[in-house]
Amino acid sequence: MSFPIQRGRRLRRSEAIRQMVRETELSPSDFIYPLFVTEGRGVRRPVTSMPGIYNLSIENAVEEARQAHSLGVPAVILFGIPDRKDAKGSGAYASDGVVQRAISELKQSIPALQVIADVCLCEYTDHGHCGVLSGQDVQNDATLPLLAQMAVTCAKAGADIIAPSDMMDGRVGIIRKALDEARFDSVPILSYAAKYASGFYGPFREAAQSSPKVGDRRGYQMDPANAREAIKEVLTDIEEGADMVMVKPALSYLDVIWRVKQQVNVPVAAYNVSGEYSLVKAAAQNGWIDYSRIMLEILTSIKRAGADLILTYHALDAARLL
Ligand code: PBG
């Protein structure tokens with residue numbers, strides 16, 4: 001049956017009816033807001049390539065998180081920027097590391113806020129890779145205990161969720177075991193399960209000062225051309241104990257989000273990454289696009305593709321509009 005019986009426009013005639021038949025509804029409670037936490041006091045250093053995003057000292061990160069929380073955003077994810085980096089990334093798993101202190105301050109100040117710890121070595125190593133090196137090679141198995149130690153120190157500091165983003169094989173299993181042994185059996189793991197080797201992380205690496213000095217991350221992050229492999233990664237992580245899985249980046253990978261959502265019955269997160277944010281901000285600053293409209297359209301597309309949770313630098317801007 002079709003025209004003139006079928007007229008799609010009947011259900012588009014007013015905002016009221018459009019709202020009644022809308023399939024996807026965005027809400028501030030979908031968002032997770034990333035924060036870059038740095039040493040010192042009174043620091044609010046703009047990230048040049050990410051307008052509106054800052055490196056924040058701990059007390060300023062608490063203020064920023066308070067704003068997010070009061071806008072209805074339930075969670076933040078933390079990235080630490082230590083003063084000193086070394087070959088083994090020891091700042092990542094020090095019990096008094098910048099991220100561990102930030103977690104404990106945040107939990108004391110805003111107990112209801114969910115604090116997620118990103119677990120990875122790249123912000124803490126002087127070479128910028130996500131694991132320890134032997135020559136130019138990132139050592140998978142030697143990195144695992146360090147990641148486990150980072151997860152446990154973050155949980156001790158009060159982290160509600162542990163989110164490994166390093167893409168070493170076996171890290172979810174090792175982290176689960178370490179958390180359980182340290183009696184953090186109720187702390188869930190959100191694994192960056194399908195994380196691609198992406199050019200869209202460029203601005204993050206400025207924000208976190210974490211670009212690899214030599215080589216790149218293609219030896220551990222996924223090839224952007226592969227989608228079936230994402231399913232394999234996701235299923236492996238769930239078998240190892242992941243409670244939630246992530247696809248990252250989001251926009252060039254909406255098909256991957258969709259496929260993952262069809263395959264698993266755990267919550268699916270998507271990371272609307274730094275480069276995706278910067279493109280929109282830059283075009284908006286030039287007056288070329290309607291920022292609010294495009295932001296909401298992008299976030300809606302990520303949710304429509306199947307994401308239950310969206311990590312996004314737009315969280316505050318979007319929450320204010322919703
Ligand atoms: C690794 C990590 C990265 C991002 C989140 N966790 C960077 C990378 O793999 O180079 C990127 C996030 C973004 O681009 O917004 N710790």
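**A helix and a cluster of rings**

Let's start with helix α4, residues 140-157, in this predicted model. At 1.5 Å a residue, its 18 residues should span 26 Å, and the end C-alpha atoms are indeed 26 Å apart, so the two agree. Most of α4 is covered up, with 13 of the 18 residues buried. Right after the helix comes G158, and its phi is positive, near 120°.

Now for the aromatic rings. A pair of rings is described by how far apart the centres are and by the angle of the planes. Counting rings with centres within 6.5 Å as pairs, you get 8 aromatic pairs here. Take Y192 and Y271: their centres are 6.2 Å apart and their planes sit at 40°, which is between 30 and 60 degrees, so this pair is tilted. It also links distant parts of the chain, since Y192 is in strand β9 (residues 190-195) and Y271 is in strand β11 (residues 268-272), 79 residues apart.

Are these two buried or exposed? The cut-off for buried is under 20% relative accessible area, so Y192 at 0% counts as buried, and so does Y271 at 1%.

Y271 has another partner, Y313: the ring centres are 6.1 Å apart with planes at 40°, so that pair is tilted too. Here Y271 in β11 meets a residue in the loop between β12 (309-312) and α11 (315-321), 42 residues away along the chain. Y313 is buried as well, with a relative accessible area of 3%. Step back, and ring pairs join F36, F79, Y192, F204, Y271, Y277 and Y313 into a cluster.

Finally, look at Y201. K195 lies over its face, 5.6 Å from the ring centre, and K248 lies over the face of Y201 at 4.5 Å.

Terms used:
Residues numbered from 1 in each chain as written. Predicted model: local features only at pLDDT ≥ 70, side-chain atom pairs only at ≥ 80, totals over all residues. Heavy atoms only, no water. Helix = DSSP H or I, 4+ residues; strand = E, 2+ residues; numbered from the N terminus. Expected span 1.5 Å × (residues − 1). Buried < 20%, exposed > 50% of the residue type's maximum accessible area, 1.4 Å probe, protein only. Phe/Tyr/Trp six-rings, centres within 6.5 Å; stacked < 30°, edge-to-face > 60°. Lys NZ or Arg CZ within 6 Å of the ring centre and 35° of its normal.
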